[in-house]
Amino acid sequence: MTTKPHAKLTPNSWEFETEALIKPTGFREYDARWWFGHPGSDTPPDLNLYGVQALGMGLGTLIHELGVAPKIVVGHDFRSYSLSVKQALEVGLMAAGVEVHDIGLALSPVAYYAQFDLDIPCVAMVTASHNSNGWTGVKMGANRPLTFGPDEMSRLKEIVLAGEGRTRSGGGYVRQTGVTERYLADVAEGVAIQRPLKVVAACGNGTAGAFAPQALRAMGVEVIEMDCELDHTFPRYNPNPEDMKMLHAMRDAVLEHGADVGLGFDGDGDRCGVIDNEGEEIFADKIGLMLARDLAPLHPGSTFVVDVKSTGLFTIDPILAEHGCKTDYFKTGHSYIKRRSKELGALAGFEKSGHFFLQPPIGRGYDDGLIAARAVLQMLDRNPDRSMADLRRALPVSYGSPTMSPACADEVKYDVVERIVAAYKLKADRDERIAGRRIVDVNTVNGVRFTLEDGAWGLVRASSNTPNLVVVVESPVSADDVKAVFSTIQAELGAHPEVGAFDQQI
């Protein structure tokens with residue numbers, strides 16, 4: 001095997017079985033994600049197992065470079081190939097002189113929990129999260145509860161692609177048992193929901209199906225299981241609580257069973273989606289605002305961190321203002337919001353994609369869909385006379401879109417976004433009207449978020465994890481106005497031929 005991995009190899013060939021393949025674009029801003037392929041797939045892979053081994057060698061080399069104890073927690077999600085990917089990663093880590101502590105099949109938050117439980121500084125979770133079958137990836141960290149950011153990912157990419165991974169003595173393997181049981185006990189510890197609650201737990205046949213029902217029952221609620229059987233073919237839809245197909249299935253189950261709330265979890269269990277008792281989906285930024293309102297009287301003066309895809313209602317909420325709470329808008333991405341929340345000593349961080357970062361004393365700071373679900377149930381328990389729909393209606397009125405992702409290749413997406421940013425800056429300078437209104441603010445901390453004079457806004461940014469752009473729209477006026485603003489964004493995207501079809505639209 002050559003020292004440096006190849007960016008492209010032909011499958012079903014001698015080279016593919018003897019050399020390392022790693023497509024450089026798989027190194028993202030805060031984790032790694034590649035198309036690995038599956039039986040019957042016509043798309044050539046971006047990564048092979050020798051490439052995964054080289055990644056492990058590079059990660060182990062970086063761990064030594066960072067000066068932390070060379071011990072790492074490693075887990076994998078429920079996909080047909082994840083175990084083999086994990087084992088290849090472990091071979092590379094051990095060759096680099098790192099002691100591997102394998103926790104087996106796990107959720108990402110179980111791996112993060114294991115860092116505390118086993119007193120181990122580093123983590124590598126093999127998961128494609130909510131991506132469709134054929135994708136794989138690794139979420140990594142060396143400073144609990146944080147995961148890598150751009151600096152660490154850039155250095156890791158440099159080490160791996162330059163073939164700078166170093167072999168060392170001292171590597172080893174420990175198969176850890178009991179972590180899952182301790183995690184489930186920890187999630188439910190001290191929680192005894194007094195209010196009778198019926199909860200739909202939706203897992204999309206992903207890894208969370210082995211964890212969520214048991215954890216929720218231990219909290220004292222009645223659980224209606226929905227697609228909780230493990231099936232890595234994902235027969236109904238990808239486990240993704242932002243996907244409207246999953247949300248609509250959750251809605252139907254909530255209405256059919258007369259449930260108080262529907263809770264949906266993604267493929268690796270670090271995100272949570274919510275359907276209220278009337279079948280309405282409540283996007284995660286609004287859930288974040290509801291939780292912030294619930295927590296503010298208990299923790300006055302708190303800071304909350306939200307990402308730029310999130311609702312603008314945090315800044316004008318009267319309950320947060322009454323209790324002296326502040327909101328900080330920051331760059332989208334679980335690593336960014338997690339890090340920012342810790343830096344500011346925030347009580348919680350919220351990301352519209354469904355990542356919730358509940359800090360001590362509520363959580364340990366990492367994103368955990370079951371801890372988020374626990375917070376939702378406790379909120380309902382503290383409001384025994386109000387339904388989930390009542391709490392939703394108590395928010396100031398706004399209308400939001402789902403997160404929409406038009407296709408755009410990794411190699412060009414950042415350049416395309418730069419051009420779109422420039423276009424909206426020019427529109428603002430020229431005082432052009434968007435859906436009949438002036439642009440009063442152009443925020444470019446993460447793509448472009450333009451705000452109109454009545455508070456409506458639209459966001460276009462590059463996805464950090466997939467070959468897509470990300471589009472979000474919110475309006476205080478009406479759902480029709482959301483469509484009107486979105487149509488202007490569609491027109492702008494249409495001027496860029498690199499932008500392809502949307503995964504979903506309003």
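Guide: Helices (H or I, at least four residues) and strands (E, at least two) are DSSP runs, numbered from the N terminus. This is a predicted model, where local features need pLDDT of at least 70, side-chain atom pairs count only at pLDDT 80 or more, and totals for chains, interfaces and linings use all residues. Residues are numbered from 1 along each chain as its sequence is written, and side-chain values use heavy atoms, leaving out hydrogens and water.

Visitor: Where is Lys309 placed?

Guide: Two elements flank Lys309: β12 (303-307) and α10 (318-322). Lys309 sits between them, in a loop. The place is the loop between β12 and α10.

Visitor: Which side chain of opposite charge is nearest to Lys309?

Guide: Lys309 is buried (under 20% relative accessible area, with a 1.4 Å probe and protein chains only). Lys and Arg count as positive, Asp and Glu as negative; His and the chain ends are not counted. Lys309 has no salt bridge (a side-chain nitrogen of Lys or Arg within 4 Å of a carboxyl oxygen of Asp or Glu). The nearest side chain of opposite charge is 4.4 Å away, and it belongs to Glu242.

Visitor: How many salt bridges does the structure hold?

Guide: Side chains of opposite charge can pair when their charged atoms come close. One such pair is Lys139 and Asp270, at 2.6 Å, N to O. Lys139 is in strand β5 (residues 135-141) and Asp270 in the loop between β9 (261-265) and β10 (272-276), 131 residues apart. For the structure, the number of salt bridges is 38.

Visitor: Which residue forms a salt bridge with Asp481?

Guide: The closest N and O atoms are 2.6 Å apart. Asp481 lies in helix α15 (residues 479-493) and its partner in strand β18 (residues 437-443), so the pair ties together parts 44 residues apart in sequence. Both residues are buried. The partner is Arg437.

Visitor: What separates Asp415 and Arg419 in helix α14?

Guide: Their side chains meet in a salt bridge at 3.1 Å, N to O. Asp415 is partly exposed (20% to 50%), at 41% relative accessibility. Arg419 is partly exposed too, at 31%. The two are 4 residues apart in α14 (residues 410-429), so their separation is about one helical turn.

Visitor: At what angle do the axes of α9 and α12 cross?

Guide: Ile287 and Met290 are among the α9 residues that meet α12 residues, including Ala375 and Met379 (contact: heavy atoms within 4.5 Å). The axes of α9 (residues 284-295) and α12 (residues 369-382) come within 10 Å. They cross at roughly 50°.

Key. Axes are lines fitted to C-alpha atoms, for helices over the stretch in contact, and angles run from 0 to 180 degrees between N-to-C directions.
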